[in-house]
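Let's take a walk through a protein model together. Keep the sequence and the 3D view side by side as you read.

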Amino acid sequence: MNADQPKVPAWVVGEFCGTFLLVFFGCGSVAAAALLGAQVGVFQVAIVWGLGIAVAIHLTGSLSGAHLNPAVTTAMAVWHGFPWKKVPGYMAVQMLGAMAASAVLYIIFSGSFTAYEAAHGIVRGAPGSEATAMIFGEYFPNPGGKPLPVAGASIISWSGACAVEVVGTAVLLLVIFCVTDERNRDRPAGYAPVIIGLTITLLISLLGPLTMACFNPARDLGPRLFSSLAGWGSVPFTANGDGWWTVYILAPIVGAVLGGGIYQMFFRPHYASAAD
């Protein structure tokens, strides 16, 4: 083997580091807002998420295609010919990147977690501790740093939460496919990561108060698993019943395939004919 040849495949570096940055910036903005009041309002959290995603895509796009999301990887396999044999590897590396970022954030904000829980009478691992577990995994309705309300279903039901994640992810994938299609004459060449990041900002601003706006199973499940291991125990997997996988894993994947299908059926043919 050539001594200069990379020992780690480029796609592994891209998907791990890209997903790490996505979660580090995104969940970090949630931590700073919920624990320290650093951001005011959902838009300030949303714009950090969007900028963080744009940075992650810029840094890793040439290495792995910057999927950074199992839903994106699935849609790419269904509609764009991405090899199915690579899908499990991409998803596994995305999960690892998300968990690694969660661990770093936990270390950085450890004192803030302790102080916030003490000030608000939150016992980590007990019912109601989703108030701080939300820094990592996602819940519906958005806890906003507090225990989920007893009447949470009156704000948004399980089916409503699924619909939010399906629609939000479908919009995201439609944008991704359209701004990266070379036949789209008006695509923002070189600025696709920024448009994708701004789309995330818009979606979080609109849908974040309902489901915390996931659209990414690795972004949710990786941090959720970490929070369970870090002291929150079963809470991340019981606070919303089976919503942890139906709303935050299954629904985004369904939405991604739907969004890719809308692009494939209605946008791609017209881009092709317009380019002739």
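Start at helix H10, which spans residues 217-232 and holds both Asp220 and Arg224, four residues apart, or about one turn of the helix. Keep in mind that you are looking at a predicted model. The side chains of Asp220 and Arg224 meet in a salt bridge, with 2.9 Å from N to O. Are these partners buried or exposed? Asp220 is buried, because its relative accessibility is 0% and buried means under 20%. Arg224, at 1%, counts as buried too.

In total, the model has four salt bridges. Another one of them links Arg124 to Glu117, whose closest N and O atoms are 2.9 Å apart. Here the two partners sit in unlike surroundings: Glu117 is buried at 8% relative accessibility, whereas Arg124 is partly exposed at 24%.

Now find Arg183, which forms a salt bridge with Asp181; their closest N and O atoms lie 3.1 Å apart. Asp181 counts as buried, with 5% relative accessibility, while Arg183 is partly exposed, with a relative accessible area of 27%.

Finally, let's leave the charged side chains and turn to the surface. Which residues make a nonpolar patch there? Val8, Val13 and Leu63 do, and their patch covers about 210 Å². You can find Leu63 in helix H2, which runs over residues 42-64. Leu63 has a relative accessible area of 36%, so this residue is partly exposed; that value also fits the patch rule, which asks for over 30%.

Terms used
Residues numbered from 1 in each chain as written. Predicted model: local features only at pLDDT ≥ 70, side-chain atom pairs only at ≥ 80, totals over all residues. Heavy atoms only, no water. Patch = residues over 30% accessible without salt bridge, like charges linked within 9 Å, V, L, I, M, F, W, Y side chains within 5 Å. Areas by Shrake-Rupley, 256 points an atom, 1.4 Å probe, with all protein chains shown as cover. Helix = DSSP H or I, 4+ residues; strand = E, 2+ residues; numbered from the N terminus. Buried < 20%, exposed > 50% of the residue type's maximum accessible area, 1.4 Å probe, protein only.
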